[in-house]
Amino acid sequence: MKTVFNPDEARRFADWLEEESSRVMMDLRESEKTLLDLQISWNDARYEDYLRVFDTSTESLARFSEGAGRYVEYLRKKADLVSDYLNY
């Protein structure tokens, strides 16, 4: 069995994943601000339902972001190890 791992591609993907994860979290913070503003004019049971769904989604996105951060670290370490091996 043969595997192929390109350290440069792994680093590029890690950079992209880190940027996208940051963008998602920035968008989420903006959505939270908008939701708080909306609370002033939207005071009914549907707002509470929406808020519960929004909170669940927020928690899921936070877990994604944490996992993405760990995976970015893993990819960079693996790319460094493979680069060291290939350049040895």
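Student: Which residues form one aromatic cluster in this predicted model?

Tutor: The model is predicted. A search of the whole structure finds five aromatic pairs. One aromatic cluster is formed by W42, Y47, Y50 and F54.

Student: How are α1 and α2 oriented to each other, roughly parallel or roughly antiparallel?

Tutor: Two packed helices are described by the angle between their axes and the distance between the axes. Here α1 and α2 pack with their axes 9 Å apart, at an angle of about 160°. Angles over 145 degrees count as roughly antiparallel. Therefore α1 and α2 are, relative to each other, roughly antiparallel.

Student: In which crossing does α1 pass α2, left-handed or right-handed?

Tutor: The two helices pack at an angle of about 160°. As for the handedness, the crossing in which α1 passes α2 is left-handed.

Student: Which helix supplies the largest share of the largest nonpolar core?

Tutor: The largest nonpolar core has seven residues, namely A10, A14, L17, A68, V72, L75 and A79. Both α1 (7–41) and α2 (45–87) supply at least two residues of this core. The largest share, four residues, comes from α2.

Student: Which residues does V72 touch, not counting residues up to four places away in sequence?

Tutor: V72 belongs to the largest nonpolar core, as do A14 and L17. With residues up to four places away in sequence not counted, V72 touches A14, L17 and E18.

Student: How many residues does the second, separate core have?

Tutor: Among the residues of this second core are M25, L35, Y47 and F54. Y47 and F54 also take part in the aromatic cluster. The number of residues in the second, separate core is five.

Key: Residues are numbered from 1 along each chain as its sequence is written. This is a predicted model: local features need pLDDT of at least 70, side-chain atom pairs count only at pLDDT 80 or more; totals for chains, interfaces and linings use all residues. Side-chain values use heavy atoms; hydrogens and water are left out. A nonpolar core is a set of buried Ala, Val, Leu, Ile, Met, Phe, Trp, Tyr and Cys residues joined through side-chain atoms within 4.5 Å. Buried means under 20% relative accessible area, exposed over 50%, partly exposed in between (1.4 Å probe, protein chains only). Contact means heavy atoms within 4.5 Å. Rings of Phe, Tyr and Trp (its six-membered ring) pair if their centres lie within 6.5 Å; planes under 30 degrees apart count as stacked, over 60 as edge-to-face and the rest as tilted. Axes are lines fitted to C-alpha atoms, for helices over the stretch in contact, and angles run from 0 to 180 degrees between N-to-C directions. Angles under 35 degrees count as roughly parallel, over 145 as roughly antiparallel, 65 to 115 as roughly perpendicular and the rest as oblique. A crossing is left-handed if the near helix is turned anticlockwise from the far one by less than a right angle, and right-handed if clockwise.
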